[in-house]
Amino acid sequence: MSQMGVFGWRPQYLEFLNKPIIFVIFFGVGNLFTVLSFGVISVIMTTLESVFNLNSKETAVILLGNDLSGLFASLLLANYASSRKIRWIAIGMFAVVVSALLPASATLFAEYPALSNETSGPPAPDGGIPGLCKLESSGAGYTWDANEEAADYAVKNHAYFWLFVAGSLVLGFGGSPPGIAGPTYMDEIFTQKEFGFAISVLYVITFMGFPLAVLFG
């Protein structure tokens, strides 16, 4: 296997991690978070549309950005990833981390109206922002009216739309090196008999990201 470390820094106390099965575990967890990042964004897209005032075209741009950048990265890696596979995998994993921080920062910068005692209850059925709607009593029970103040905040928050686009583009690029170089690198470090088991463990860990995305979303 390749030496463990960052550039010239290779501490001896990390050498015990330099084993094929440890690589599969870390690699699988990294892939899990790649799937989880895109999955959570997809699951909560309707909420993002309300909070950031996104239209259908803009949500399509966010979702397609991942695929388009992944396609470009795949063409690039087909020519340049044959050597130093482990370095390309590391670059991809770092890119996945950045891709998660970009949309997360948008939710931190976004402004939300102050909640009051009137803002508790089920989501609004008329497309209002859940948790940001005013409860009014009527003869038929309770009805919900969209909070105009929340809509104004959503218009202001629209400026952060490009952070979601950037996150999707970086995620598509970051997810490509592990998907392309990862299995071929594993084929080099495992015997033919071990490879089938190792690749099974990898994909079991990876595809746990889909149900977790639905759960956390």
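K85 counts as buried, at 15% relative accessibility, because the cut-off for buried is anything under 20%. That's worth a look, since K85 also forms a salt bridge with E188, where the closest N and O atoms are 2.9 Å apart. The pair ties together distant parts of the chain: K85 sits in helix 4, E188 sits in helix 6, and 103 residues separate them. E188, for its part, is exposed, with a relative accessible area of 52%. As a general point, side chains of opposite charge can pair when their charged atoms come close. In this predicted model, the structure holds 1 salt bridge.

So what about the helix that carries K85? Helix 4 covers residues 85-109, and its 25 residues should span 36 Å at 1.5 Å a residue; the end C-alpha atoms are 37 Å apart, so the two figures agree. The buried residues of helix 4 include K85, W88, I89, G92 and M93, and further along the helix A95, V96, S99, P103, S105 and A106. What do these buried residues pack against? Their partners are helix 1, helix 3 (56-80) and helix 6 (161-189).

Helix 6 turns up again with L163, which is placed there. L163 is partly exposed, with a relative accessible area of 22%. Setting aside neighbours within four places in sequence, L163 is in contact with L102, P103, S105, A106 and F109. The C-alpha atoms of L163 and A104 are 8.8 Å apart, with the two positions 59 residues apart along the chain.

Now for N157, in helix 5 (residues 148-157). Is N157 buried or exposed? It is buried, with a relative accessible area of 2%. The side chain of N157 reaches the backbone oxygen of V51 at 3.4 Å. V51 also shows up in the contact list of N157, together with F52, A110 and E111, once neighbours within four places in sequence are left aside.

Here are the accessibility values for the residues picked out so far, plus I21, which comes up next.

| Residue | Relative accessible area | Class |
|---|---|---|
| N157 | 2% | buried |
| K85 | 15% | buried |
| L163 | 22% | partly exposed |
| I21 | 39% | partly exposed |
| E188 | 52% | exposed |

I21 lies in helix 1 and belongs to a nonpolar patch on the surface. The patch is formed by I21, I25, V29, F33 and F197, which have about 470 Å² of accessible area together. Which element gives the largest share of the patch? That would be helix 1 (residues 20-43), with 4 residues.

Stepping back to the whole chain, the secondary structure comes to 8 helices and 2 strands. From the N terminus on, the order is α-α-α-α-β-β-α-α-α-α. Of the 217 residues, 36% count as buried. The protein exposes about 12,900 Å², and carbon and sulfur atoms supply 67% of that area. Among contacts between residues at least 6 apart in sequence, 70% join residues at least 24 apart. The K85 and E188 pair, 103 residues apart, is one link between distant parts of the chain.

Definitions and conventions
Residues are numbered from 1 along each chain as its sequence is written. This is a predicted model: local features need pLDDT of at least 70, side-chain atom pairs count only at pLDDT 80 or more; totals for chains, interfaces and linings use all residues. Side-chain values use heavy atoms; hydrogens and water are left out. Buried means under 20% relative accessible area, exposed over 50%, partly exposed in between (1.4 Å probe, protein chains only). Contact means heavy atoms within 4.5 Å. Accessible areas come from the Shrake-Rupley method with a 1.4 Å probe; for residues, only the protein chains shown count as cover. A polar contact is a pair of N or O atoms within 3.5 Å; within protein, one must be able to donate a hydrogen and the other to accept it, and residues adjacent in sequence count only if both atoms are side-chain atoms. Patches are made of residues with over 30% relative accessible area and no salt bridge: like charges are joined within 9 Å, nonpolar side chains (Val, Leu, Ile, Met, Phe, Trp, Tyr) within 5 Å. A salt bridge is a side-chain nitrogen of Lys or Arg within 4 Å of a carboxyl oxygen of Asp or Glu. The expected span of a helix is 1.5 Å times one less than its number of residues.
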